[in-house]
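Student: I am new to this structure and would like a close look at a single part of it. Please take me through that part slowly, and then show me how it sits within the whole.

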Amino acid sequence: MYLKRPISFLLLLIVVWMPARSVSVFAQTAAVPAAQPTLTRFLDQTNGMTADEAVKIALDGNGELAAMRKDRDAAAAMIKQARLRANPSLEASGAKQIGMTDNSYMVKGLLPLELGGRRGARIRVAERELAVREKAVADRERILASEVRIKFGEALAETLKLKFTEDVLAAAIEQFGLIKARVTEGKTAPLEENMTLVEVNRLRSTRETAAGRTEIAFLELRNLLGMKPEEPMRIRGDFDGLVAPLPVLVDTTANALQTRPDLAGLRAMEDLGVAQIEQ
């Protein structure tokens with residue numbers, strides 16, 4: 001029958017029935033002030049990192065993006081190469097017989113001619129390849145920025161939850177001290193002190209869980225930013241003004257079809273295929 005009751009009620013029964021010495025030890029433990037708040041390790045509303053700063057750090061230090069930018073620069077260089085005309089060549093050769101007058105010399109010149117629009121087709125292919133790489137870089141930047149903002153929001157949310165939990169725990173510990181004083185004076189039954197003790201211990205467990213979730217959120221954010229796990233990082237910000245009126249669905253759909261880098265990249269690949277066929 002007791003297994004179906006809430007755990008907090010079972011703890012209350014244990015505290016009620018335990019010896020007076022054990023209750024005293026529990027009371028001394030709860031009377032100790034709460035541990036130093038860990039909130040200052042994560043939140044700094046003055047000098048902390050903002051979401052925009054986190055996105056900039058991720059875009060500047062991401063290794064995959066750096067490699068994609070190198071490919072884009074290489075494609076831009078290929079356009080310059082495609083616009084150059086083939087160099088003329090001059091070749092000279094000769095043969096001479098020793099002791100005889102039968103000698104021969106030959107000079108050969110070569111001037112390549114690109115007929116049928118080959119040079120223009122080559123330039124168009126190079127330009128389409130550059131467009132494909134540019135759109136790929138823009139799409140990766142968009143995805144990375146979105147991931148960073150999501151993780152930043154999760155870290156900020158867990159930090160604010162931790163702050164709320166610590167505030168509630170501090171209030172519970174203060175309330176326990178007042179109730180304990182009233183029990184000492186004989187104005188309150190010891191049962192109320194034991195019930196408050198159970199609640200304080202529950203809040204301490206909740207705080208530890210919240211602190212663990214906050215640590216995990218910050219580790220994931222550091223990973224996206226390319227920071228070391230032990231490197232200190234504090235953030236700042238809030239959720240004021242986060243909820244905005246939703247735009248019209250038709251306008252949003254049209255804007256996405258025109259501006260999304262991944263769709264633009266697919267169109268660029270289609271143009272590249274056409275240019276290659278023409279070449």
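Tutor: In this predicted model, the side chains of K56 and D60 are joined by a polar contact of 2.9 Å. K56 has its place in helix α3, and, with a relative accessibility of 54%, K56 counts as exposed, because the cut-off for that class is over 50%. Although V148 lies 92 residues away from K56 in sequence, the C-alpha atoms of K56 and V148 are 9.7 Å apart in space.

V148 leads us to the partner of this helix, since V148 is among the residues of α5 that meet α3. Helix α3 covers residues 51-61 and helix α5 covers residues 118-184, and the two pack with their axes 9 Å apart, at an angle of about 135°. The two helices are therefore oblique to each other, as an angle of about 135° belongs neither to the roughly perpendicular range of 65 to 115 degrees nor to the roughly antiparallel range of over 145. The crossing that α3 and α5 make is right-handed.

On the α3 side of this packing, the residues that take part are A51, D52, A54, V55, A58 and L59, and across from them, in α5, are E141, L144, A145, V148, R149 and F152. Sorted by class, the contact of α3 with α5 holds nine nonpolar residues and three charged ones, with no polar residues.

For a second place to look at, turn to T196, which lies in helix α6, a helix that runs over residues 190-225. T196 has a relative accessibility of 10% and counts as buried, because that value falls under the 20% cut-off. Once its neighbours within four places in sequence are set aside, T196 is in contact with A172, F176 and I179.

Stepping back to the whole, the protein chain has eight helices and two strands, and, read from the N terminus on, its elements follow the order α-α-α-α-β-β-α-α-α-α. Of the 279 residues in the protein chain, 28% are buried, and T196 is one of the residues that count as buried. Among the contacts in the protein chain with a separation of 6 or more, 78% are between residues 24 or more positions apart.

Conventions: Residues are numbered from 1 along each chain as its sequence is written. This is a predicted model: local features need pLDDT of at least 70, side-chain atom pairs count only at pLDDT 80 or more; totals for chains, interfaces and linings use all residues. Side-chain values use heavy atoms; hydrogens and water are left out. Helices (H or I, at least four residues) and strands (E, at least two) are DSSP runs, numbered from the N terminus. Buried means under 20% relative accessible area, exposed over 50%, partly exposed in between (1.4 Å probe, protein chains only). Contact means heavy atoms within 4.5 Å. Axes are lines fitted to C-alpha atoms, for helices over the stretch in contact, and angles run from 0 to 180 degrees between N-to-C directions. Angles under 35 degrees count as roughly parallel, over 145 as roughly antiparallel, 65 to 115 as roughly perpendicular and the rest as oblique. A crossing is left-handed if the near helix is turned anticlockwise from the far one by less than a right angle, and right-handed if clockwise. Ala, Val, Leu, Ile, Met, Phe, Trp, Tyr, Cys and Pro count as nonpolar, Asp, Glu, Lys and Arg as charged, and the others, Gly among them, as polar. A polar contact is a pair of N or O atoms within 3.5 Å; within protein, one must be able to donate a hydrogen and the other to accept it, and residues adjacent in sequence count only if both atoms are side-chain atoms.
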